[in-house]
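Student: Please take a close look at one part of this model, the interface between the two chains, and then place it beside the ligand site.

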Amino acid sequence: MTKNNPLFVDSTKLPGDLVPCHVELLKVCLRDGESVSIHLVNHEGRLIQKPLQAQEMEEGCYEARLHLNHQTQVYYQFVIEDENNNILFKSQVYCERAQYALTEQWEPSEEDQKLPVIDSNSPVSTKPTSPSGWQRERPPSYRELMEKWGF
Amino acid sequence: MAVVSIINQKGGVAKTTTALNVAASWAEQGKKVLLIDLDPQSSATKAIFSDREFEKTIFDVVIGQADIQDVIVHSEEFNIDVIPAEIMLSGIDMQLAAHFGREQILRKKLEPIHRKYDAILIDCSPSLGLMTINALLASKDIIIPICPEYFSMKGIELILATLRNIRSGLGYKIGVRGVVITRFRDRRVVNEVIQQVKERYDLKVYRNFIPDNIAVEEAHHHHLPVLKHAPRSRAAKAYKQLSKELWG
Ligand SMILES: Nc1ncnc2c1ncn2[C@@H]1O[C@H](COP(=O)(O)OP(=O)(O)OP(=O)(O)O)[C@@H](O)[C@H]1O
Ligand SMILES: [Mg+2]
């Protein structure tokens, strides 16, 4: 996960606000009958699966739109399946803060990386997880951000 | 044509010179142009107005102490409208730290005056701060001047990374209109640089390069666009051609 520069954080949103997130996977080459989708575990541990659609303007680019909670931690991977929904390839598992765009280049993973397992019996936390430790009820002050990120 | 930022985090690559001379060339071609100086160094403001003091500048607009219409000044010599800058801009990141929507202030302030102009050019400072982010969010796309003699791939990578971060963090997609070659001396060096920029980054490079030419410095000292100060100079001709190419 990359560091978060406060210059690139939307000051009109609080951590946890729903924002539209544009998912983009580049350099994908599918054969007949194959499809690609994103499997994403959100901050509440909920699994979201969404097929990606081919973008008309750019060859090899597949996209989808999700609604995610701003600045919360998400885990995701891309999965290619055949027409019978058999999984053919999986990417690595990525971990990011949810923002307006998630862009990756397709690369199948050699090892079978799994998204964090969610124990369905345990109560699901409704609070956004705090990957960097700075998310809190109020937005952080500039001084805090400067101290945190060394501006 | 919409709002365009002239940007490169590398200093001294002729951002201000390009903004001034392209603005003046467009004006000469009959376009109504607004140039916004967004650099605390105020190089564009000084190049146009010398040491003239302004009571209100872009700083006052951004902090909400002045209406944008009231800070626009006209330059007869350049035949453009200008929003001047001042050194106070250097502390603005601190001042606006807790401001809701701090990254979109300029974009919002420009909305009411958009339709008055054929083009709005923003001259950015070489540092990446809140004002540069404001310029980018107010712009449809950007022009990147590069100096082939001390060109670095790092500079271009930094700009492209900034655009990617804006896309993911702030939700705005800003394009690169193209790269302008400035202050060139040696064609061979230019060709090498162009090849690298095109191959590695797939960016458009404008065909009209600006040569290193003494007339540019002289025009600065006389507070004139180069095409007025020395219309026959190579730089004046190049900027004139470039401005047509940029418009097309
Ligand atoms: N084509 C040219 N020929 C000769 N000198 C030039 C040319 N273009 C720019 N210069 C000179 O180079 C210097 C830097 O130019 P300029 O101020 O436009 O760069 P800049 O990118 O705006 O710098 P900064 O990053 O400090 O804002 C100035 O002294 C300017 O007069
Ligand atoms: Mg400058």
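Tutor: The interface comes first, then the ligand, then the salt bridges.

This is a predicted model, in which local features need pLDDT of at least 70 and side-chain atom pairs count only at pLDDT 80 or more, while totals for chains, interfaces and linings use all residues. Residues are numbered from 1 along each chain as its sequence is written, chains are lettered from A and ligands numbered from 1 in the order in which they are written, and side-chain values use heavy atoms, with hydrogens and water left out.

On chain B, 21 residues are in contact with 15 residues of chain A, contact being heavy atoms within 4.5 Å. The two chains bury about 1,600 Å² between them, 60% of it on carbon and sulfur atoms; buried area is the accessible area (1.4 Å probe) that two parts lose on being put together, summed over both.

The rule finds one salt bridge across this interface, where a salt bridge is a side-chain nitrogen of Lys or Arg within 4 Å of a carboxyl oxygen of Asp or Glu. The partners are A:E24 and B:R167, at 3.4 Å from N to O. Six residue pairs across the interface are in polar contact, both residues at pLDDT 80 or more; a polar contact is a pair of N or O atoms within 3.5 Å, and within protein one must be able to donate a hydrogen and the other to accept it, with residues adjacent in sequence counting only if both atoms are side-chain atoms. On the chain B side, the elements giving two or more residues are α5 (92–95), α7 (130–138) and α8 (153–170), helices being DSSP runs (H or I, at least four residues) numbered from the N terminus. The largest share, seven residues, comes from α8(B).

Ligand 1 is surrounded by 18 residues, the closest being B:K15, B:T16, B:T17, B:R183 and B:P211; the cut-off is a heavy atom within 4 Å. An N or O atom in the side chain of B:R183 is 2.8 Å from an oxygen atom of ligand 1. Polar backbone atoms also approach ligand oxygen: one of B:V13 at 3.0 Å, and one of B:A14 at 3.0 Å.

Over all chains the salt bridges come to twelve. One of them joins B:K240 and B:E28, with the closest N and O atoms 3.8 Å apart. This pair links helix α12 (residues 234–247) to helix α1 (residues 15–28) of chain B, 212 residues apart.
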